[in-house]
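The exercises below concern the contacts between the chains of an assembly. Each task is followed by a solution that proceeds step by step.

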Amino acid sequence: MEFTVKQIAALLGGTVDGNESLKISQLSKIEEGQEGSISFLANLKYEHYLYTTAASAVIVNKSFEPRQPVQATLIFVDNSYSAFTKLLEHVNRQQPVEKVGVEQPSFIADSTRIGDRPYRGAFSYIGDNCLIGSNVKIYPQAYIGNNVTIGDNTIIHTGARIIDNTVIGHNCVIKANAVIGSDGFGFAPQPDGTYRAIPQLGNVIIEDNVSIGANTTVDCATVGSTIIRQGVKLDNLIQVGHNVEIGKNTVIAAQSGIAGSTKIGENCVIGGQTGVTGHIWIANRTKIGGRSGVTKSVKEEGLSFSGMPAFDVKDSLRSSIVFQRLPTLEKRINELEKKINNQ
Amino acid sequence: MEFTVKQIAALLGGTVDGNESLKISQLSKIEEGQEGSISFLANLKYEHYLYTTAASAVIVNKSFEPRQPVQATLIFVDNSYSAFTKLLEHVNRQQPVEKVGVEQPSFIADSTRIGDRPYRGAFSYIGDNCLIGSNVKIYPQAYIGNNVTIGDNTIIHTGARIIDNTVIGHNCVIKANAVIGSDGFGFAPQPDGTYRAIPQLGNVIIEDNVSIGANTTVDCATVGSTIIRQGVKLDNLIQVGHNVEIGKNTVIAAQSGIAGSTKIGENCVIGGQTGVTGHIWIANRTKIGGRSGVTKSVKEEGLSFSGMPAFDVKDSLRSSIVFQRLPTLEKRINELEKKINNQ
Amino acid sequence: MEFTVKQIAALLGGTVDGNESLKISQLSKIEEGQEGSISFLANLKYEHYLYTTAASAVIVNKSFEPRQPVQATLIFVDNSYSAFTKLLEHVNRQQPVEKVGVEQPSFIADSTRIGDRPYRGAFSYIGDNCLIGSNVKIYPQAYIGNNVTIGDNTIIHTGARIIDNTVIGHNCVIKANAVIGSDGFGFAPQPDGTYRAIPQLGNVIIEDNVSIGANTTVDCATVGSTIIRQGVKLDNLIQVGHNVEIGKNTVIAAQSGIAGSTKIGENCVIGGQTGVTGHIWIANRTKIGGRSGVTKSVKEEGLSFSGMPAFDVKDSLRSSIVFQRLPTLEKRINELEKKINNQ
């Protein structure tokens with residue numbers, strides 16, 4: 001990339017305070033700025049870096065007023081974070097063209113149909129009776145089983161495993177080593193203490209614009225489908241059990257787990273390392289803090305929870321603070337008992 | 001599949017209330033029933049679906065008495081859940097024959113011996129001096145290292161990694177991207193603050209009828225063996241540390257971790273996202289709730305625990321409930337102190 | 001292996017009590033000792049095994065005094081654990097020579113350069129413009145993307161994914177199915193409730209002597225780099241978010257997660273299943289107990305924490321103990337109130 005500050009300000013609809021003709025050749029974090037780099041300031045926790053950064057230019061909010069002299073040229077915009085994101089996208093589009101074509105050896109069953117402009121990396125595998133759209137990229141060593149459907153523009157990264165009968169929509173990203181459609185964890189206890197595997201005959205349906213993180217697992221349904229609705233974003237190392245449904249635009253951070261048959265609503269936000277128990281419902285727009293354990297259905301929309309078991313986020317925080325004083329509380333009760341018994 | 005209700009009732013040893021000659025062509029969840037589908041009702045939480053389902057037939061418990069008129073034909077059996085499981089197995093046996101044969105390119109060392117009727121998928125790899133039984137299926141892109149033993153009828157799914165010296169029994173299932181026999185996490189601290197890797201010379205032994213989930217990791221022993229006894233079922237994304245032993249028929253849900261050198265007894269049930277610390281023993285038939293942390297040995301058999309650190313499950317639940325009232329408790333102590341000091 | 005007790009004692013600088021000419025052919029755990037095996041005793045929790053073990057020899061601390069007669073020959077050393085580690089290393093060096101050479105089919109782009117004595121397993125993939133050192137081992141089915149740099153003597157195990165632009169130093173070990181450099185979890189919320197992926201243009205830098213566990217994920221930075229400093233040891237199934245930095249010689253146990261933009265200091269020790277929130281700093285030599293949640297920066301060096309949220313480890317333990325008495329505490333408050341109101 002090579003732009004002037006003026007060009008970037010025009011792209012972002014911003015106004016410049018400083019030298020418009022400076023040349024920018026890279027993006028940087030504000031604390032790692034150098035000559036020729038542009039950065040941004042959104043979180044005021046990082047404001048002190050603005051006064052020392054070596055970046056040539058910094059994107060800031062219109063409302064921001066520096067409290068010390070600033071060396072860098074400033075570009076004022078409505079929202080510095082989304083402006084920087086826009087700039088990232090612009091630069092990204094200028095990156096070298098992505099791979100197209102077929103690397104050998106790769107495996108594709110005769111019965112499978114694939115659309116225009118595919119990329120199929122070396123050692124990728126596509127089984128029988130698949131229906132794969134246009135502009136689909138299947139990276140090296142990825143696996144597509146039998147009877148799989150994949151929509152246009154979807155990317156299956158290296159080592160991802162798309163097991164039999166999975167349906168994936170358009171514009172999805174399945175990251176490296178994710179496993180979609182593996183058998184759900186269903187075992188019937190036998191009288192002699194052993195367990196017999198319950199056949200898992202269902203599948204996984206992933207709608208459009210979904211992102212699935214690296215090493216995340218989404219199990220197939222026993223019967224019917226495990227469903228990930230459009231726009232859902234799952235981080236890395238997440239477990240989604242059989243027959244789960246996740247509503248559209250819900251975002252779940254890394255290492256969380258959703259147990260079997262639970263339905264998560266739309267536009268929920270779930271923090272990392274959280275667990276949601278099986279067979280419950282979570283209403284739309286619910287927010288769950290990180291490391292929480294949700295053990296009951298949430299019926300009212302738009303509420304926030306945390307803790308294990310999870311309850312109202314503010315009450316949970318208050319209880320956590322008192323928890324740290326528990327030994328003192330106990331002592332105070334001891335004192336009170338002594339006093340009252342001595343009366 | 002295509003059966004009549006009468007045929008299904010005969011298979012399950014049930015009695016029919018309704019039209020015996022209805023044709024059934026698929027299985028469904030009760031809330032997703034449609035003409036030609038059969039479903040089941042076990043958990044009464046879902047009873048209301050029975051009165052509105054479009055399923056042609058529903059399997060219910062003998063003891064169940066509908067409280068409203070039911071449109072669907074009912075099949076009464078002793079246990080509706082296990083009857084449905086039996087039906088699933090029956091349908092599963094009717095699925096198209098599983099793959100047999102060798103897809104190319106695939107890699108197998110000359111020194112390795114493999115039994116009858118193997119399936120070896122494309123890009124699968126089998127190293128030196130392995131001994132592999134009959135009817136073993138090694139899916140595409142799976143990896144078998146050197147000196148590995150695998151019993152009859154075992155399935156190694158796509159992307160699973162069976163590292164050197166691992167021994168796997170008969171009728172096991174190793175799911176996609178699981179890693180068996182990777183080096184244990186052993187590092188000796190050095191005087192300069194660095195760590196040196198301790199050679200991990202042991203292996204992993206997996207007995208018969210074991211199921212290992214997708215993206216689960218089972219580390220090899222430092223010396224001796226990490227042992228997974230017969231009938232153990234491990235869900236996805238579980239960590240099993242070096243020199244751990246898991247007793248027969250124990251079931252562990254997703255994202256749990258067992259630290260090094262711990263022994264888990266037989267027929268234990270461990271909920272998801274639970275951690276068990278290293279170098280402890282857990283007695284047979286212990287039950288541990290989800291998201292618990294077990295920090296001490298459990299010597300008595302058949303007890304239940306939860307919490308972090310884990311203690312008796314009922315006491316733990318009681319403490320959790322009081323925890324939610326902690327701010328109130330503190331206020332009440334404040335009040336008491338004021339009153340007593342003003343006396 | 002085949003040594004005499006005398007040879008082993010000489011190697012370890014120890015003194016022998018018993019038969020020096022016994023032949024040792026294998027290493028064992030003390031509870032699994034047999035004729036011809038040598039074991040060690042470090043943790044006195046296992047002392048009772050010393051009096052019953054069938055091992056021919058046992059390495060013990062100089063300071064150790066048996067309280068009962070011992071059948072096995074004893075080798076006394078300064079530190080039995082590190083002596084045993086040294087013996088393991090010695091035996092490990094005697095193992096059959098590791099693989100060198102190229103197995104076919106494997107894929108390497110013309111533009112990539114690779115040093116002397118490589119091992120490249122079958123179905124391994126190396127993309128464009130990589131710079132790979134000498135003595136590097138790339139196991140079967142491993143993936144190296146474009147513009148990746150790998151230092152001398154580094155091992156990339158089977159199924160590991162090294163995504164574009166990653167830099168890895170010398171003497172590193174990346175275990176099976178680890179994913180390094182996958183896109184960070186960055187999505188910008190849109191007014192209509194959907195999310196747009198923020199391009200992740202940064203990379204991952206892994207310095208020398210780092211070990212990364214099986215199925216662990218280290219995300220690339222949005223801009224700049226996610227950095228793993230020299231000597232860091234990460235266990236299995238760990239999540240490292242975008243723009244994280246982990247200081248040198250820090251050790252993190254399995255299933256922990258570090259959220260985006262957090263900096264962990266040097267020589268920290270973090271227990272398993274722990275979460276560290278985003279955008280915070282953790283001082284050098286901090287110790288965090290297993291299953292903790294760190295929600296605030298730690299500014300003072302050398303402290304220990306545990307709990308969720310984490311606070312001083314001893315206070316946390318004390319609060320946990322009182323937590324188990326919470327129902328009783330509440331009852332005692334009820335009693336006190338009754339008494340005082342009846343006065």
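The exercises treat a predicted model and begin with symmetry before turning to two interfaces.

**Exercise 1. Determine which relation connects chain C with chain B.**

Solution. Step 1: superposing chain C on chain B gives an RMSD of 0.0 Å. Step 2: the operation is a turn of 120 degrees with a shift of 0.0 Å along the axis. Step 3: this is therefore the relation of a three-fold axis.

**Exercise 2. Describe the extent of the contact between chain C and chain B, and state which three residues of chain C supply the most buried area.**

Solution. Step 1: chain C contributes 63 residues and chain B 70 residues to the contact. Step 2: about 5200 Å² is buried between the two chains, with 60% of it on carbon and sulfur atoms. Step 3: within the area that chain C buries against chain B, 11% is supplied by Phe123(C), Arg291(C) and Glu330(C), more than by any other three residues.

**Exercise 3. Characterise the polar interactions between chain C and chain B, and the elements of chain C that take part in the interface.**

Solution. Step 1: there are 3 salt bridges between these chains. One of them joins the side chains of Glu89(C) and Arg196(B), at 2.6 Å from N to O; the criterion is a distance within 4 Å. Step 2: 33 residue pairs are in polar contact, counting pairs with both residues at pLDDT 80 or more. Step 3: on the side of chain C that touches chain B, at least two residues each come from α3 (80-93), β28 (233-234), β31 (251-252), α4 (313-323) and α5 (326-342) of chain C. The largest share, 9 residues, belongs to α5(C). Step 4: by class, this side of chain C holds 28 nonpolar, 22 polar and 13 charged residues.

**Exercise 4. Carry out the corresponding analysis for chain B and chain A.**

Solution. Step 1: the contact takes 62 residues from chain B and 70 residues from chain A. Step 2: chain B and chain A bury about 5200 Å² between them; Phe123(B), Arg291(B) and Glu330(B) supply 12% of the area that chain B buries against chain A, more than any other three residues. Step 3: the interface has 3 salt bridges. Among them, Glu330(B) pairs with Arg325(A), with the closest N and O atoms 2.7 Å apart. Step 4: the residue pairs in polar contact, both at pLDDT 80 or more, number 33. Step 5: α5(B) provides the largest share of the side of chain B that touches chain A, 9 residues, and that side divides into 27 nonpolar, 22 polar and 13 charged residues.

Technical notes: Residues numbered from 1 in each chain as written. Chains lettered and ligands numbered in written order. Heavy atoms only, no water. Least-squares fit on C-alpha atoms with pLDDT ≥ 70 in both. Contact = heavy atoms within 4.5 Å. Buried area = accessible area lost by both parts, 1.4 Å probe. Polar contact = N/O pair within 3.5 Å; in protein donor to acceptor, adjacent residues only side chain to side chain. Helix = DSSP H or I, 4+ residues; strand = E, 2+ residues; numbered from the N terminus. Nonpolar A, V, L, I, M, F, W, Y, C, P; charged D, E, K, R; others polar.
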